[in-house]
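Okay, thanks for coming, everyone. I'll put the structure up and then walk you through a few parts of it.

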Amino acid sequence: MADHRLKPITQLGGDTPRKDSFPGLTISERTDTALASLSARQGKPAQFQATAKAFFGFDLPGAGRVATGGVYTAIWTGQDQWFIEAPFASHEDIAPILKKGFGDTASITEQTDGWGGFDLQGQGCITTLEILCNLDLGKMAADSASRTVIEHLGCILICRETGQHYTVYGGRSSAASLHHALVTAARSAL
Amino acid sequence: MSQKNRLSGGLLNRAKPLNFTFDGASYQGYEGDTLASALLANGVRLMGRSFKYHRPRGPISSGSEEPNAIVELRTGARQEPNTRATIAELFEGLSAKSQNHVGSLKFDFLAINDRLSSFFAAGFYYKTFMWPKAFWEKLYEPMIRRAAGLGSLSMQDDPDHYDKGFLHCDLLVIGAGPAGLAAALTAGRSGARVILADEDFTPGGRLNAETFTLGDASGADWARAAIAELTSLPNVRILTRTVVIGAFDHGIYGALERVSDHIATPASGKPRQILWRIYSQRAVLAAGATERPIAFKNNDRPGVMLAGAMRAYANRWAATPGQTVAVFTNNDDGLRTASDLLAKGVKVAAVIDSRADGPAFTGAEHLRGAVVTDAKGRLGLSSIKVKLASGETRQIATEALGVSGGWNPNVHLTCHQRGLPVWNAELAAFVPGTLPVGMVVAGAANGQLSTAGALASGAAAAGQALEGLGLTVKSADLPQAEDAPIRVTPLWYVPHKGRAWLDQQNDVTVKDVKLAHQEGFRSVEHLKRYTTMGMATDQGKTSNISGLAVMAEMTGKSIPETGTTIYRPPYTPVPIAAFAGRSAGADFRPKRLTPSHKWAAEQGAVFVEVGMWMRAQWLPKAGETHWRQSVDREVLATRGSVGICDVTTLGKIDVQGPDAAEFLNRIYCNPFGKLPVGKVRYGLMLREDGMAMDDGTTARLAEDHFVTTTTTANAVGVYRHMEFCRQCLWPDLDVQIISTTEAWAQFSVAGPNARNLLQKIVDPEHDISNEAFPYMGCGEITVCGGFRARLFRISFSGELAYEIAVPTRYGDGLVRAMMEAGREFNAVVYGTEALGVMRIEKGHAAGNELNGTTSALNLGMGGMVNKKKDSIGSTLSEREGMNQAEALNLVGFQPVDPSKSLLGGMHFINQGAEANARNDQGYMTSVAFSPSLGHSIGLGYLKNGAARKGETLRAVNPLAGEEVMVKVVSAHFVDPEGERLRG
């Protein structure tokens with residue numbers, strides 16, 4: 001068999017993550033994160049919660065919240081549903097890793113390449129994001145997350161540090177449009 | 001020209017002179033000027049022509065209520081018609097033009113309309129130009145529209161961009177006059193999150209236009225200090241040049257910020273304007289009041305203006321409309337204009353006070369109990385005619401006349417949710433009535449017209465709003481301020497035979513209102529529409545109340561009984577560009593790119609929009625000049641060897657849980673319970689009404705794990721439907737679903753060499769021989785030396801075919817690897833056109849057939865609706881009307897003459913029958929030229945079609961008069977027995 005090793009490309013089609021800088025803000029393509037959805041199955045809530053605590057080392061966060069510990073970050077995405085972030089390098093095949101821990105208490109689906117993520121860092125985050133989405137950013141605490149719409153695209157916005165660091169996840173296929181919206185807004189606002 | 005009417009003082013930066021042009025002539029003004037104030041300072045009173053009669057007009061106001069001084073700003077692509085000179089901030093190099101005239105502003109040929117005014121009374125277009133009837137649309141209407149133009153468009157694309165944004169606050173304060181500033185200070189000091197929005201570029205409202213003091217400071221200085229304090233508070237955001245345009249549900253307000261209108265060209269990347277959506281917990285409306293004119297004959301002469309505006313021009317902008325002025329008032333406030341102008345050294349020829357018993361005024365001749373009955377000076381006021389209390393008349397020479405008929409609170413935003421204002425007899429004005437939830441009104445907008453009243457009510461309103469939010473209020477430290485009582489004796493118009501203007505922008509006179517009444521229009525809403533009063537871009541801010549006062553007089557009713565028309569957003573005009581925001585041109589909507597997009601673009605693919613997806617439609621090779629050449633080649637190469645197509649756009653839904661199979665059993669009309677692990681099954685999904693909804697394949701990866709695919713178009717709709725079923729219909733089922741459409745790059749590999757190609761890609765430990773991996777098999781495999789992948793043996797083209805999926809980031813690499821591996825087989829990548837041709841050749845239904853009006857029976861899949869189980873739509877698919885012998889069946893068609901082509905949408909008519917709806921036998925849904933067969937083919941629905949194979953019919957297109965004889969054939973043009981896909 002010929003050697004046909006597959007070279008990955010980023011959501012923007014590049015070989016390396018793109019980074020755009022503005023006064024007070026950088027927008028970076030997030031490519032080093034593996035993602036999976038974790039949904040609790042019915043009938044075993046206590047076992048599920050206990051498994052989660054044992055596996056992650058922290059309780060799964062409640063509505064609108066994000067919890068982090070070790071290599072994992074859990075983001076609440078709906079009732080009994082979370083997105084789990086982990087380093088891509090160690091967790092590329094994330095679903096079986098979680099499945100091993102959760103067994104039949106949860107349904108787990110790989111989401112890594114379903115999303116194109118961008119990190120916004122710097123003091124210009126809020127003035128940029130306020131011309132993009134209708135969330136009350138001033139009241140968004142660190143380690144909180146919300147679904148929102150940016151330029152017609154359904155997104156998840158995560159506040160890592162109030163006013164300083166946010167992650168936007170949008171559908172990977174429309175990452176170029178989302179990126180265009182982010183940089184246009186940054187240019188406009190900063 | 002020198003600034004001959006420039007006064008001393010004012011809030012101008014005289015160290016920064018600004019050069020500008022108006023109608024080609026050069027002038028100079030100062031930073032802080034508006035276009036109107038600078039023109040007045042330069043002795044220019046004539047700034048435009050009226051809408052209907054083309055009467056010469058000058059500004060009557062100093063704010064956004066302006067009906068007359070409407071101009072075109074800038075040149076080239078940035079030219080903007082219908083802007084108000086009274087709020088256009090002067091900048092270096094500003095180029096402005098007057099509008100709505102043929103010839104020059106001074107000699108407008110269309111001023112003939114004024115001579116013919118008797119033909120143009122209210123509703124003239126309903127009465128004249130009626131004959132001949134055909135001329136109305138082609139001749140009269142275009143002619144009238146041209147004559148009544150409102151400026152011209154550049155016809156070039158707007159080079160600027162516009163943003164939309166979202167803000168949140170505890171308290172939105174609308175207006176930064178004394179009431180708004182007091183409210184913002186109260187709330188800001190109390191720690192609330194405050195947004196203070198003001199349409200002006202210098203906050204302060206009337207404080208900048210008046211001479212009285214607040215404490216020890218001038219009004220302007222106090223306002224400046226208040227703004228400085230508010231700016232220092234981190235919880236307060238001040239939006240200047242921002243007009244709040246509407247009050248919407250749930251405390252949401254719209255606001256337009258004119259970010260770059262005051263500079264020649266927006267800075268690179270910066271928006272011209274931002275349309276904000278403000279989410280407020282509470283709002284204080286401190287929008288002030290608008291002065292109203294008194295109508296008299298020829299009251300539209302350039303130089304006749306509102307008294308408060310004349311005062312504002314003198315005090316704030318150090319400009320006077322004339323060296324000699326006069327004042328006509330029915331209230332005490334008008335007298336202030338005379339004293340302020342006198343203090344500025346302007347000669348006041350007379351003060352005409354309609355009240356015989358008003359307070360005495362010294363400093364100029366005070367004609368009490370007198371009224372102005374006429375004005376002279378076509379291009380600019382030269383004199384007024386005054387009827388004295390004694391009944392005598394006097395002609396008084398003056399270049400300008402300040403008119404005050406009292407003040408109308410700006411209640412507009414209080415009415416945006418159908419609240420009606422209430423009449424206040426003391427003010428002779430409407431004040432706010434029922435308010436939108438969360439709104440409190442303060443200051444002049446609420447009828448508190450004194451400065452002290454405005455300050456106190458602003459602070460109180462903020463206090464009330466904050467207490468409602470449970471916040472502790474720190475009392476504001478308010479300065480001493482004037483607290484003069486309101487003394488007004490209503491006077492709406494001075495009766496006379498001539499024309500006295502009410503709505504100057506739409507040229508509506510007192511006579512027009514009387515005529516409307518005479519012709520039976522009694523309701524103010526009818527009056528408005530018949531006369532067009534208040535329907536211009538100023539929305540009648542200076543005319544509506546006076547108009548309905550005249551109407552009230554006609555009907556013998558009181559003003560409150562007559563009522564007002566409805567106030568609607570936006571408060572002032574908003575450019576459509578601002579509503580569009582960034583969604584313009586190529587950015588109108590986002591695009592979705594497939595994993596192989598980069599590769600396809602490199603190959604020169606022609607892309608087509610499929611929803612938001614950009615899919616390769618065909619990939620032309622060198623020498624191909626027509627799309628059919630490319631498509632035919634792709635089809636033949638695939639059927640002859642192997643072709644690859646990016647099918648990532650099909651929806652993929654991961655279905656997991658112990659009840660996943662049961663869930664799918666209920667969603668699909670055919671059963672899934674016994675689908676073995678490692679197998680794929682085609683599924684048909686019905687709507688509740690029994691009609692076909694969507695179709696696709698479902699693969700079972702584990703006992704409790706399925707991957708369902710949907711059509712590209714219905715991916716979102718099907719997911720939403722499944723989520724609804726899961727959450728609302730069967731919450732007891734233990735099933736979890738999530739979309740994985742974008743997580744996997746999926747390619748169809750089809751053709752006799754599909755397996756040979758894939759065997760070079762799939763790692764050798766995975767046996768994909770026909771025996772080990774038969775038709776409708778599926779499995780998780782690895783490719784290219786260990787990369788995770790999924791393989792499904794399914795076929796849309798009818799060929800031996802697979803769909804192979806890898807995590808999306810590897811999709812680009814996979815297509816390159818497959819093309820490399822397929823070189824020996826002359827592999828091609830085919831686009832959506834070839835995909836469509838092949839599925840029509842195979843007789844597979846797609847969106848054209850699953851069009852929302854067809855059932856499983858129509859599709860020839862009636863037998864799939866399993867009656868041993870219940871599923872959505874199964875019962876209603878048994879409805880009698882859907883199961884008649886005459887039901888439409890999906891069949892194939894080919895032209896009797898192979899050289900003829902077919903057209904989608906053609907209807908079938910029996911030979912010899914007339915082509916009409918009664919004889920309709922069905923319709924063509926999909927057509928293609930089949931390169932495999934060498935002629936056109938089609939799919940379509942035909943009544944009892946399954947039993948009519950071999951019949952010849954007429955396919956007609958009555959719209960274009962086309963007709964083709966077609967033969968009814970099997971829908972499966974290629975490999976009807978399905979041997980290839982199982983091979």
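**A helix across a sheet**

Let's start in chain B, where helix H21(B) lies across strands S32 and S33 of that chain and runs at about 70° to S33(B). Before I go on: this is a predicted model. The scores are ipTM 0.97 and pTM 0.92, and chain B averages a pLDDT of 94, with 99% of the residues at 70 or above.

So, the sheet under discussion. It's an open one with three strands in the order S31-S33-S32 of chain B, and the pairing is mixed. S31 and S32, the latter covering 606-610, are at the edges with a single partner strand each, so each has one side left without a neighbour in the sheet. The parallel part is S31(B) with S33(B), residues 613-618, held over two bridges. If you want a residue pair to click on there, Leu593(B) has Met614(B) in S33(B) as its bridge partner.

Now back to the helix. What does H21(B) pack against, apart from those strands? Helix H16 of chain B, residues 627-640, packs with H21(B), residues 832-842, at an angle of about 55°, and their axes are 9 Å apart. That angle is why we call H16(B) oblique to H21(B). The crossing of the two is right-handed. On the H16(B) side you have Trp627(B), Val631(B), Glu634(B), Val635(B) and Thr638(B), and H21(B) brings Glu833(B), Ala834(B), Val837(B) and Met838(B). Sort the contact of H16(B) with H21(B) by class and you get six nonpolar residues, one polar and two charged.

**Another sheet and two hairpins**

Staying in chain B, there's an open sheet of three strands in the order S21-S22-S23, this one with antiparallel pairing. S21, 371-376, and S23, 393-397, are its edge strands, pairing on one side only. On average, neighbouring strands here are turned by 25° against each other, ignoring direction. Between S21(B) and S22(B), which is residues 383-387, there are five bridges, and Val372(B) sits opposite Val386(B).

Next, a hairpin further along the chain B sequence. S41(B), residues 778-783, pairs with S42(B) in the antiparallel sense over six bridges, with Thr782(B) opposite Arg788(B). The hairpin has three residues between the strands, and Cys784(B) in the turn has a positive phi of about 50°.

Chain A has one to show as well. Its strands S1, residues 19-22, and S2, residues 25-30, are antiparallel over four bridges, and Phe22(A) stands opposite Leu25(A) in S2(A). This hairpin has two residues between the strands, and Gly24(A) takes a positive phi near 85°.

**Where the chains meet**

Last bit. How many residues does each chain put into the contact? Chain B gives 48 and chain A gives 40. Some elements you've already heard about turn up on the chain B side: S31 and S42 are among those that give two or more residues, and so are strand S8 (162-174), strand S15 (273-285) and helix H20 (811-821). By class, the side of chain B that touches chain A has 19 nonpolar, 11 polar and 18 charged residues.

That's it from me, so over to you for discussion.

Note on methods. Residues numbered from 1 in each chain as written. Chains lettered and ligands numbered in written order. Predicted model: local features only at pLDDT ≥ 70, side-chain atom pairs only at ≥ 80, totals over all residues. Pairing = 2+ DSSP bridges. Axes fitted to C-alpha atoms, helices over the stretch in contact; angles between N-to-C directions. Contact = placed C-beta atoms within 7 Å. Nonpolar A, V, L, I, M, F, W, Y, C, P; charged D, E, K, R; others polar. Parallel < 35°, antiparallel > 145°, perpendicular 65-115°, else oblique. Left-handed = near helix turned anticlockwise from the far one by under 90°. pLDDT = per-residue confidence, 0-100.
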